[in-house]
Amino acid sequence: MTDHDSWLIKGVTIPGGGEQGREEQTSILLTGESVAAVGPDLDHPGARILDAGGLIALPGLVDLHTHLREPGREDAETVETGTAAAALGGYTAVHAMANTDPVADTAGVVEQVWRLGRAAGHCDVQPVGAVTVGLAGARLAELGTMADSAARVRLFSDDGRCVSDPLLMRRALEYVKAFDGVIAQHAQDPRLTEGAQLNEGEMSARLGLAGWPAVAEEAIIARDCLLAAHVSSALHVCHVSTAGSAEIIRWAKSKGWPVTAEVTPHHLLLTDELAAGYDPVFKVNPPLRTKADVTELRRALADGTIDCVATDHAPHPVEAKETEWAEAAFGMTGLETALRVVHRAMVDTGLLDWAGVADRMSVRPARIGRLTGHGTPLTAGAPGHLTLYDPAAPAEAVTPAGASKSRNTPFAGMELPGRVVATFLRGVPTVLDGKLA
Amino acid sequence: MCAASSPVAGRDGVAVLDAEEIRRALTRIAHEILERTHGGDGVILLGIPTRGVPLARRLAARIGEFEGLDVPCGSLDVTMHRDDLRLHPARALGRTELPPGGVDAKTVVLVDDVLYSGRTVRAALDALNDLGRPRAVQLAVLVDRGHRELPIRPDYVGKNLPTSQREVVHVLLAEVDGQDGVMISDGGR
Amino acid sequence: MKRHLISAADLSRADAVLILDTAEELASLADRPIKKLPTLRGRTVVNLFYEDSTRTRISFEAAAKRLSADVINFSAKGSSVAKGESLKDTALTLEAMGADAVVIRHGASGAAHRLAEWVQGSVLNAGDGTHEHPTQALLDAFTIRRRLRGTGPSGARGAGLDGLRVTIVGDVLHSRVARSNVLLLSTLGAEVTLAAPPTLLPLAVGSWPCAVSYDLDSELAKSDVVMMLRVQQERMTAAYFPSVREYSRRYGLDAARMARLPGHAIVMHPGPMNRGVEIAAEVADSVRSTIVEQVANGVTTRMAVLYLLLGGMEFPATGVAQ
């Protein structure tokens, strides 16, 4: 590890008030790997000064859902490039989904991914283990061995595929209780969505694209909530995309059931009308839905029914997206734009304040992922993971070019507010002045 | 459209022919056709849309009055044979209606309102070529405004009208425009 | 998308009437000794057909050749496409060859849209997946107008299809012909009704400019036109309907149903037909059937579209140069 300079971040505002409980300009001192102190008139000789006037400090963001593509699809992304993109987006930890090639269904693969993350050093990489061998949905993967491995897997998901067999889903939920694991479900009934291309609705009817009905997501979520309650185990619902899904989760939580949920930035902002020109950059799974769904998802994130924002960053090479819609791959990148999209969709609309953003993008995801050392509020003694963000930066159009190897962002050309200025991982800057440090 | 005190109201411009003069010109042309075709033997009149068509009908009617002869009359649209298709957006097509008996071995008199560059007539000759083989083709126009770009000459002319290329010639006919007249205006389109 | 014809929604009512009127003028060409016009001489039209469709390809080929255009046929079988060449690379090749127009038929909805981003010439959608087939709708509208509103000198120049009631029957969900026809026929003023089992109608059909009925029999007496769509046997295995027998019984146009149509009513089918499934043989061969003349009308209508598009018309057009 590198030498740890001390850093004195001056003139910054901590949403939620930090130690003082009030939001006013303060300073944060980072020494070693931790926050040494938070207060208005801090001084530390020899510390490097970062003038953070006008900026806000959030605990380092944690992504519960990212695709780093390595091993197997290094043409689209590697752990190195993906985590660099994450750091630029303000993330200090990402959960790397298991649908790699080979699938992360053994200790060997998850440890490989974990080590690649440490070597790259841009952010912490927490591998997610597959629920079933090869994501085939037939047999449980060695969940316990993955939990005991160096990667210390706690979050398991077949994301990309649904664990549709109810018996297998029940067994998985039961099994992970032994090590405080959580099953994250990609809710998509395979029979109702064979060949599906776009949300089933007016757009799909007009465009002649096979529909992906909302009920295919909602029915699985309802079933899984009931299963989680029945066996008293933790269920996490990936990328909630419909109003109906949010309602079901609200109902499950009202019963006190152990259910958590995430929503992607793109589902907070974009609708299926964007598919009108058949540009596959807007093709994603689950698909973009309607304005009514977007409105309800924002509401659910604001009131905490949906616990957190997770990017589902899904990089793809150019040829996978520059083709007919039906041939194109599903997925959008999202690490570098996530905070700005949430700024536009939730803060600018008055639905969530920055303290709420810190909760939804750092505190809760870390808790759900059982990721100790992340998602802790910025007080003395906390780990030195933080993100400095300029909420008043002039809105700028998003360019596809970035640290990610892939260019499939649906926000290209769209003006988004704000700017990630700096990211610190264990007291060391990974990003300074908006560039990799 | 503004009302003017001249007998030919409508567009801005100078009237060069009024209804009476048009009537006389057509009468003369009808007589000339009869003279040069041995009494209208084997003649058919084909008007080029838009205004060539009513002119052809009027000529056929005149000939019928003078000689009691029923001259077959029809229309020949030339849009698809024009040579300037790449320069102008596609135009709507006019009617092509050949009289029964077609054009083979006939003397076809093409009728148009204005003869200018000659390209419309060239297109008409091409169109005729695809329809059959006339014995002869002649050309009758109400107005010849000069500035030929091709070696085309009319057989029958209502009025020779020297113009500058900047000027625009408007032919008005009752069947199309509600009144008869020929105007020249400056610039225009 | 202005210099292309990709969706029937690209056409205003005035555009559609112009195309029909132009086709009406061109129809007489078939009776002339020389069935050719020099209009598109020196232009190149490429037929880019990824799906086997001899009928449509020949129709476009005849249309282009009658206008003296050069035609290049590119079919997917045995070509670089079969070897995995992407649509984009094929498009760039056509560009390099200087295609003035590309007629594309493809199995993926939206293929024509994508192609239009990669070529300079005009793109004519000859059928993309289950999205649209605008020239089919145009030839259908032309056929309806000729049969029910007249042809020739006393013909229907300038007229639309106002007041005519058209019933489209069959697998609307998977039909590009149905989508284009619903749009175009209603633009021309016709009243369109879709008759099908609920499983073969898109859920969102309520937002389309047409009525919906699950009962074909109740629509017969009030239809001026019945248009039958082909029903694929494969739909049965995906549980869209229980059996061909039941489908035919409830939605097939047999002689008994045809007899209940008004005297002037016509029967149409875009082809190819499943005789005995959606349409009985005696209906297909009856005098009410326009199936054969739809083929001839297809060439004429496509000539009109090629002439107007390559002549620089942009849809929707606000005016026409006279």
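1. A small pairing is a pleasant place to start: B:H170 has B:M183 as its bridge partner in β8 of chain B. Please keep in mind while reading that this is a predicted model. The two residues belong to a longer match, since β7 of chain B and strand β8 (residues 181-186) of chain B run antiparallel and are joined by six bridges.

2. Stepping back from that pair, we come to an open sheet of three strands in chain B, with the order β1-β8-β7 and antiparallel pairing. Its edge strands are β1 (14-17) and β7 (167-172) of chain B, each of which pairs on one side only. If you look at how neighbouring strands of this sheet sit against each other, the average turn is 30°, with direction ignored. As general background, strands in a sheet pair through hydrogen bonds of the backbone, in either parallel or antiparallel fashion.

3. Now for chain B as a whole. Its secondary structure amounts to four helices and eight strands, which follow one another along the sequence as β-α-β-α-β-β-α-β-β-β-α-β. How does the radius of gyration of chain B stand beside that of a compact globule? Chain B has 16 Å, and this agrees with the value near 16 Å that a compact globule of 189 residues would have. Along the principal axes, the C-alpha atoms of chain B fill a box of roughly 45 × 45 × 25 Å.

4. Two percentages round off the picture of chain B. Buried residues make up 40% of its 189 residues. Among the contacts in chain B between residues at least 6 apart in sequence, 67% join residues at least 24 apart.

5. Chain C offers another sheet to look at. Five strands of chain C make an open sheet in the order β7-β6-β5-β8-β9, and the pairing is parallel. The edges are held by β7 (211-213) and β9 (266-268) of chain C; each has a single partner strand, so one side of each has no neighbour in the sheet. Here the average turn between neighbouring strands is 20°, direction ignored.

6. Within that sheet of chain C, strand β5 (residues 165-169) and strand β6 (residues 191-195) run parallel and are linked by five bridges. For a concrete spot to click on, C:V169 stands opposite C:A195 in β6 of chain C. Helix α5 (residues 134-149) of chain C packs on the sheet, where it touches β8 (225-228) and β9 of chain C. The direction of this helix makes about 165° with that of β9 of chain C.

7. On to how the chains meet. Two pairs of chains touch, and the pair with the most contacts is chains A and C. That contact takes 16 residues from chain A and 20 residues from chain C. On the side of chain A, the largest share comes from helix α5 (residues 202-207) of chain A, with three residues. By class, this side of chain A holds six nonpolar, four polar and six charged residues.

8. Chain C also meets chain B: 20 residues of chain C are in contact with 16 residues of chain B. The elements of chain C that give two or more residues to this side are α1 (13-27) and α12 (291-310), and α1 of chain C gives the most, with four residues. The side of chain C that touches chain B divides into ten nonpolar, six polar and four charged residues. Chains A and B, in contrast, do not touch, and their nearest C-alpha atoms are 27 Å apart.

9. Chain A is split into domain 1 (7-57 + 381-436) and domain 2 (59-368). The C-alpha centres of these two domains of chain A lie 26 Å apart. Their contact takes 28 residues from domain 1 of chain A and 42 residues from domain 2 of chain A. On the domain 1 side, the elements giving two or more residues are β16 (386-390), β19 (419-425) and β20 (428-432) of chain A. That side consists of 15 nonpolar, eleven polar and two charged residues.

10. One last residue deserves a click. A:H122 is located in the loop between α2 (107-120) and β8 (124-127) of chain A. Is A:H122 buried or exposed? A:H122 counts as buried because it has 26 C-beta neighbours inside 10 Å, and the cut-off for buried is 20 or more. Leaving aside residues up to four places away in sequence, A:H122 touches A:T83, A:A84, A:A86, A:A87 and A:T430. The C-alpha atoms of A:H122 and A:I368, which are 246 residues apart along the chain, are separated by 22 Å.

Technical notes:
Residues numbered from 1 in each chain as written. Chains lettered and ligands numbered in written order. Predicted model: local features only at pLDDT ≥ 70, side-chain atom pairs only at ≥ 80, totals over all residues. Domains from an automatic or database assignment. Contact = placed C-beta atoms within 7 Å. Nonpolar A, V, L, I, M, F, W, Y, C, P; charged D, E, K, R; others polar. Rg over C-alpha atoms; globule rule 2.2 N^0.38 Å. Buried ≥ 20, exposed ≤ 12 C-beta atoms within 10 Å, placed from the backbone. Pairing = 2+ DSSP bridges. Axes fitted to C-alpha atoms, helices over the stretch in contact; angles between N-to-C directions.
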